[in-house]
Amino acid sequence: MAEIDAIRITETGGPAVMTATRVPLPEPGPGEIRIRHAAIGVNFIDTYHRSGLYPVPLPSGIGLEAAGTVEAVGEGAGWEVGERAVYCSGPIGSYAEAHVVKADRAVRLPEAIAFETAAGSLLKGLTVQYLIRQIHRVEAGETVVFHAGAGGVGQIAVQWLKSLGATVISTAGGAEKCALVRGLGADHVIDYRAEGVEAIAPKVREITGGEGVPVVFDGVGRDTFMASLDCLRTRGLFVTFGNASGPITGVDLGILAAKGSLFVTRPTLASYVATREALQAAADDLFAVLASGAVRLAEPTVFPLAEAVAAHTALEGRATTGSLILKP
Ligand code: NDP
């Protein structure tokens, strides 16, 4: 039986629970396709699956995203062998040389977009799309806060927000990362490592003439939670979409009243690309901003597939900027 290289976990924990192994080459069933990977996307959510923060049945593969070439097509799948494809919604197990996915969860990849770019940007870019075009449709002239601007999601967000005509306030850890985010077009960047998270809200108040911003997009989680609420104007929207510093727990909802009738949402990408039509529309929007040059992606940092442990260690250690990919 044919086999492929893959990363598996049999227990949850630190990066070292991921082991490189050989697994049988999976066959697509009806409505499924098998993609031979050229590049695999690494996302912060993969670390939550690995650590157990987001539980998955074990043993398990790991990874949600990859780009490559369709090499086997199940009955009624509606794809041709040889087509270029990218996907980011599982099933979990993209850290492998090839993977079987539902045909309607994969997106045809335009020739102009390299596999490496696609694997480094589909999940992150669709996330930015639903955050700033669906949850809160950012308008020209609005001032918004988007945390962690040097990260994978953050770099796409800062540029996309600027192309919409927003004034962008972002945060990053360290002088180098802050300079990078400024270079992407952010109007104001707060070094929350050097200045502390307490510096964020006063700075945002100063920039907005005391009013605060209508919306904060926060993928950092626990460490920036209170600062984010304090950045908002009356009836502002707190969009908490990730846990890079740990999850927000034990909240008394009364705090939303105390801070000015705030709104809060804790979204996940899956709900915004649940249908084929929604997935394709969001992907078209992303591909259009990439093609227009409004969002320019830095070359992703590349790790060999067998070095997934090093990729997770770097991502969780705040040692990375932009996207990370694995190469089979
Ligand atoms: P990033 O490349 O943004 O990496 C995370 C960044 O968060 C780090 O580089 C670091 O930047 C910052 N950070 C702040 N505090 C910590 C900490 N204690 N430990 C580690 N990092 C910290 O990752 P992604 O682009 O893959 O994802 C960004 C966020 O978006 C994640 O929280 C992820 O879960 C979330 N997400 C949510 C989705 C959803 O639909 N809800 C979908 C996709 C992503 P710095 O050093 O500058 O502080």
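Val86 in strand E6 is the bridge partner of Ala67. That pair is a convenient place to enter this predicted model. Ala67 and Val86 belong to a longer pairing: strand E5, residues 65–73, and strand E6, residues 84–87, are joined by four bridges and run antiparallel. E6 also pairs with strand E8, residues 106–108, through three bridges, and here too the strands run antiparallel. In this second pairing, Tyr87 has Ala106 of E8 as its bridge partner. In general, the strands of a sheet pair through hydrogen bonds of the backbone, and the pairing can be parallel or antiparallel.

Another sheet involves the start of the chain. Strands E2, E1 and E4 form an open sheet in the order E2-E1-E4, with antiparallel pairing. Its edge strands are E2 (18–24) and E4 (60–61), each of which pairs on one side only. Between strand E1, residues 3–9, and E2 there are seven bridges. One of the residues involved is Glu3, whose bridge partner in E2 is Pro24.

Val86 appears again in the interior of the protein. Which residues have the most contacts inside the largest nonpolar core? They are Val86, Ala157 and Leu161, in a core of 100 residues. Helix H2, which covers residues 115–135, supplies the largest share of this core, with nine residues. Where does the core lie with respect to domain 1 and domain 2? Domain 1 consists of 3–122 + 270–327, and domain 2 of 140–266; both give residues to the core, so it lies between them. As a general tendency, nonpolar side chains in soluble globular proteins are buried together.

Ala157 gives a closer view of the contacts. Leaving aside neighbours within four places in sequence, which residues is Ala157 in contact with? The contacts are Val128, Ile132, Phe146 and Phe217.

A database record adds a label to much of the chain. An unreviewed UniProt entry places the feature "domain: Enoyl reductase (ER)" at residues 13–326. In the model, this span is 32% helix and 25% strand. The C-alpha atoms at the ends of the span, residues 13 and 326, lie 20 Å apart.

The scores of the prediction remain to be given. The protein chain has an average pLDDT of 97, and 100% of the residues score at least 70. For the model, ipTM is 0.99 and pTM is 0.98.

Technical notes:
Residues are numbered from 1 along each chain as its sequence is written. This is a predicted model: local features need pLDDT of at least 70, side-chain atom pairs count only at pLDDT 80 or more; totals for chains, interfaces and linings use all residues. A nonpolar core is a set of buried Ala, Val, Leu, Ile, Met, Phe, Trp, Tyr and Cys residues joined through C-beta atoms within 7 Å. A residue is buried if 20 or more other C-beta atoms lie within 10 Å of its own, exposed if 12 or fewer, and partly exposed in between; C-beta atoms are placed from the backbone. Helices (H or I, at least four residues) and strands (E, at least two) are DSSP runs, numbered from the N terminus. Domain bounds come from an automatic or database domain assignment. Two residues are in contact if their C-beta atoms, placed from the backbone, lie within 7 Å. UniProt positions are given in the numbering used here, feature names are shortened, and annotations may be inferred rather than shown by experiment. pLDDT is the predictor's confidence in each residue, from 0 to 100. Two strands pair if DSSP finds at least two bridges between them.
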